[in-house]
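Please work through the following exercises with the sequence and the three-dimensional structure at hand. Each task is followed by a worked solution.

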Amino acid sequence: MSIIDDAIDYVKKIFENDYSGHDVFHTLRVYKTATNIACKEKADILIVQLASLLHDVDDKKLSPLTYEHKDKTIKFLESHKVDEIIINRICTIIDEVSFAGKDTIVPSSIEGKCVQDADRLDAIGAIGIARAFAYGGSHNREIYFPDIEPKKDMNKEEYSKHISTTVNHFYEKLFLLKDMMNTQTAKTIAEHRDRYMKSYLSEFMAEWNGEC
């Protein structure tokens, strides 16, 4: 398991100064959740663990210069003498993990589905709410502006360029994730987290409008 320990140390260094909601604790939650899902779905545990730990190190938003070729991921795996076939499988999982509007990819492997589900689960529920506002604040986005309507059914290009309010982000992405889960394990968890988010936003709007 030394490669897993080394991967954890690696991501701790990369994300130690991140305050956008993509910090090391996000990565570790995705790692733990993906491992739990993989156990229940009978996926390859080691591939799931490595892909989940490395899934953000070359993220386009966080590391645009290494994104295309997955430079950090490949460098780490090669330094641990991981077989090229396994490296390619892990890179494919990372390529397929992100939300891209209506162009979002359904992962081609059960391992990819486990990692994608775990990443999405961390975007919803109580922690998902906190992360949404942390990300919005770190990118100078308004919490809410009533005159700006959510933009739905965006494709990948539209979604990547779209700048919105944090509340609109719930309608443009977060409320869509429950029905986009791949595994039954994740679907069950997502039901609860989705209800919590909707309850929170209902309370938010009531307070915003001075109704309570």
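The exercises below treat helix packing, one histidine and two pockets in this predicted model.

**Exercise 1. Determine how helix α2 is oriented relative to α3, and identify the residues that join them.**

Step 1. Locate the helices: α2 covers residues 24-41, and α3 covers residues 45-54.

Step 2. Consider the geometry. The axes of α2 and α3 are 8 Å apart, and the packing angle is about 160 degrees. Angles over 145 degrees count as roughly antiparallel. Therefore α2 is roughly antiparallel to α3.

Step 3. Assign the handedness: α2 and α3 cross in a right-handed sense.

Step 4. List the contact. From α2 it involves T27, L28, V30, Y31, A34, T35, A38 and C39, and from α3 it involves I45, V48, Q49, S52 and L53.

Step 5. Classify these residues. The contact of α2 with α3 contains nine nonpolar and four polar residues, with no charged ones.

**Exercise 2. Characterise the crossing of α3 and α7.**

Step 1. The axes of α3 and α7 come within 9 Å, and their crossing angle is roughly 40 degrees. The two helices are therefore oblique to each other.

Step 2. The crossing of α3 over α7 is right-handed.

Step 3. On the α3 side the contact is formed by I47, V48, A51 and S52, and on the α7 side by E111, C114 and V115. V48 and S52 also take part in the contact of α3 with α2.

Step 4. By class, five residues of the contact between α3 and α7 are nonpolar, one is polar and one is charged.

**Exercise 3. Describe the packing of α5 against α6.**

Step 1. Helix α5 spans residues 71-79, while α6 spans 84-96.

Step 2. Their axes lie 11 Å apart at an angle of about 155 degrees. It follows that α5 and α6 are roughly antiparallel.

Step 3. The crossing of α5 and α6 is right-handed.

Step 4. T73, I74, L77 and E78 of α5 are in contact with I87, I90, C91 and I94 of α6. Six residues of this contact are nonpolar, one is polar and one is charged.

**Exercise 4. Place H169 in the fold and name its contacts beyond its neighbours in sequence.**

Step 1. H169 belongs to helix α10, which runs over residues 166-172.

Step 2. Setting aside neighbours within four places in sequence, H169 contacts A132, Y159 and L174.

Step 3. For a reference to another part of the chain, take C39, which is in the contact of α2 with α3. The C-alpha atoms of H169 and C39 are 32 Å apart, and the two residues are separated by 130 positions in sequence.

**Exercise 5. Describe the largest pocket and the second largest pocket by volume, central residues and lining.**

Step 1. The largest pocket holds about 1200 Å³ of space. It is lined by 45 residues, of which K61, S98, F99, Y159 and K173 are the closest to its centre.

Step 2. The helices α6, α7, α8, α9 and α10 each contribute at least two residues to this lining. The largest share, five residues, is supplied by α8.

Step 3. The lining of the largest pocket comprises 13 nonpolar, 16 polar and 16 charged residues.

Step 4. The second largest pocket holds about 230 Å³ of space. It has 17 lining residues, and F99, G101, K102, L176 and M180 are the closest to its centre.

Step 5. Two or more residues of the lining of the second largest pocket come from each of α7 and α10. By class, this lining has seven nonpolar, four polar and six charged residues.

Step 6. Finally, relate the two pockets. F99 is among the residues closest to the centre of the largest pocket, and F99 is also among those closest to the centre of the second largest pocket.

Note on methods. Residues numbered from 1 in each chain as written. Predicted model: local features only at pLDDT ≥ 70, side-chain atom pairs only at ≥ 80, totals over all residues. Heavy atoms only, no water. 1 Å grid on protein atoms, 1.4 Å probe; cavity = no way out; pocket = protein on both sides within 12 Å on 5 of 7 lines; lining within 4 Å. Points joined across faces, edges and corners; volume = space filled by probe spheres on them. Helix = DSSP H or I, 4+ residues; strand = E, 2+ residues; numbered from the N terminus. Nonpolar A, V, L, I, M, F, W, Y, C, P; charged D, E, K, R; others polar. Axes fitted to C-alpha atoms, helices over the stretch in contact; angles between N-to-C directions. Parallel < 35°, antiparallel > 145°, perpendicular 65-115°, else oblique. Left-handed = near helix turned anticlockwise from the far one by under 90°. Contact = heavy atoms within 4.5 Å.
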